[in-house]
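Visitor: Please take me through this model, and tell me for each term what justifies its use.

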Amino acid sequence: MDGWLAALTVSALSGGMTAVGAAPVLIGWRPSERNTNALLGFAAGVMLAASFFSLIVPALEIAEQQFGSGLIPPTIAVFGIIIGALLIALIDRMVPHEHFVKGAEGPSGIRLNRLWLFIIAITIHNIPEGLSVGITAAGGDYDATVAIASGIGLQNVPEGLAVALALLAIGYSRLHTFVVAGLTGAVEPLGGLLGGWFVGIADWFLPWGLLVSAGAMIFVISHEIIPETHREGHHSRASIGLMLGLVLMLFLDVWLG
């Protein structure tokens, strides 16, 4: 399978898990606020482990193969991670969006429907996820692709549920919330396609792509997800969820890799 096609296919599968997470709203199931924060914490743990074990570590190994041991691989890692974080920080500052708890962010002069603000917020989350899956798949490492796609897919389940619950809270019907929450995962195959195209330009871009994706994901965890889970005082439950997500992703990465 061509690199870009593999990237598109795998990222579409992982992105589709967002709809799986949103499905319970169709039958009226709604977890408590504490459990919702635990699910989001689980998602953060999966993303954190994936950033290091499925992105940063392989990127360093590839860089060492390309440039040998020494200062170059860690220097690439430092700059790649910083670039990824700065890109998401720029998007976060320039694009109006709304958080589940702390409300609106971005340019105050722009007024958008709350539904679209929520969609933009989730898009910011999903861009680095799609990129990371697409870049890994396009790199041709089957085991690493399965590990990171599985991890991202797992964390998309609580994310999809959280989006659906947020939309229910502002008055949308069950069917409407399911459709919209599921569609928020559609940005992942677009990110995956971009990641596959990016790697296809030149092999030496691969470690940079992995590191930029890792930096973006770590920034999202720290800036978006963890503050959301701690804002209402349920930090213990959220921290337990984070640890469970982290060790599960670690297990998957070691087992499959």
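Guide: A good place to start is Ile221, which, once its neighbours within four places in sequence are set aside, is in contact (heavy atoms within 4.5 Å) with Ala44, Met47, Leu48, Ile226 and Pro227. The model is a predicted one, in which local features need pLDDT of at least 70 and side-chain atom pairs count only at pLDDT 80 or more, while totals for chains, interfaces and linings use all residues. Residues are numbered from 1 along each chain as its sequence is written, and side-chain values use heavy atoms, with hydrogens and water left out.

Visitor: Why is Ile221 called buried?

Guide: Buried means under 20% relative accessible area, exposed over 50%, and partly exposed in between, with a 1.4 Å probe and protein chains only. Ile221 has a relative accessible area of 3%, so this residue counts as buried. It lies in helix α8, and its C-alpha atom is separated by 7.2 Å from that of Leu48, although their positions lie 173 residues apart along the chain.

Visitor: What makes Val25 a buried residue?

Guide: The relative accessible area of Val25 is 1%, and therefore the residue is buried. Val25 has its place in the loop between α1 (3-22) and α2, and, neighbours within four places in sequence aside, its contacts are Leu161, Ala164, Leu165, Leu168, Arg174, Thr177 and Phe178. With Arg174 the C-alpha distance is 6.0 Å, at a sequence separation of 149 residues.

Visitor: Why does Gly196 count as buried?

Guide: Its relative accessibility is 4%, so Gly196 counts as buried. This glycine is found in helix α7 (residues 187-201), and it touches Trp4, Ala7, Gly134 and Ala138 when residues up to four places away in sequence are not counted. Gly196 and Ala7 are 189 residues apart in sequence, yet 5.3 Å apart in space from C-alpha to C-alpha.

Visitor: What share of the contacts in the protein joins residues 24 or more positions apart?

Guide: Among contacts with a separation of 6 or more, such pairs account for 81%. Of the 257 residues of the protein, 49% count as buried.

Visitor: How many helices and strands are there, and how do you know where α3 begins and ends?

Guide: The protein has nine helices and two strands, in the order α-α-α-β-β-α-α-α-α-α-α from the N terminus on. Helices (H or I, at least four residues) and strands (E, at least two) are DSSP runs, numbered from the N terminus, and helix α3 covers residues 72-94. The 23 residues of α3 reach 33 Å from first C-alpha to last, close to the 33 Å expected at 1.5 Å a residue, where the expected span is 1.5 Å times one less than the number of residues. Among the buried residues of α3 are Pro73, Gly80, Gly84 and Asp92.

Visitor: What makes a space in the model a pocket, and how much space lies in the second largest pocket?

Guide: On a 1 Å grid over the protein atoms alone, a pocket is an open set of points with protein on both sides within 12 Å along at least five of seven lines, and lining residues have an atom within 4 Å of a point. The second largest pocket holds about 320 Å³, and of its 18 lining residues the closest to the centre are Ser54, Pro58, Glu61, Asp141 and Ala144. Helices α2 (33-67), α4 (114-138), α5 (142-169) and α8 (206-230) each supply at least two residues of this lining, with the largest share, seven residues, from α2.

Terms used: On a 1 Å grid over the protein atoms alone, a cavity is a set of points where a 1.4 Å probe fits but cannot get out, and a pocket is an open set with protein on both sides within 12 Å along at least five of seven lines; lining residues have an atom within 4 Å of a point. Grid points are joined across faces, edges and corners, and a volume is the space filled by probe spheres set on the points.
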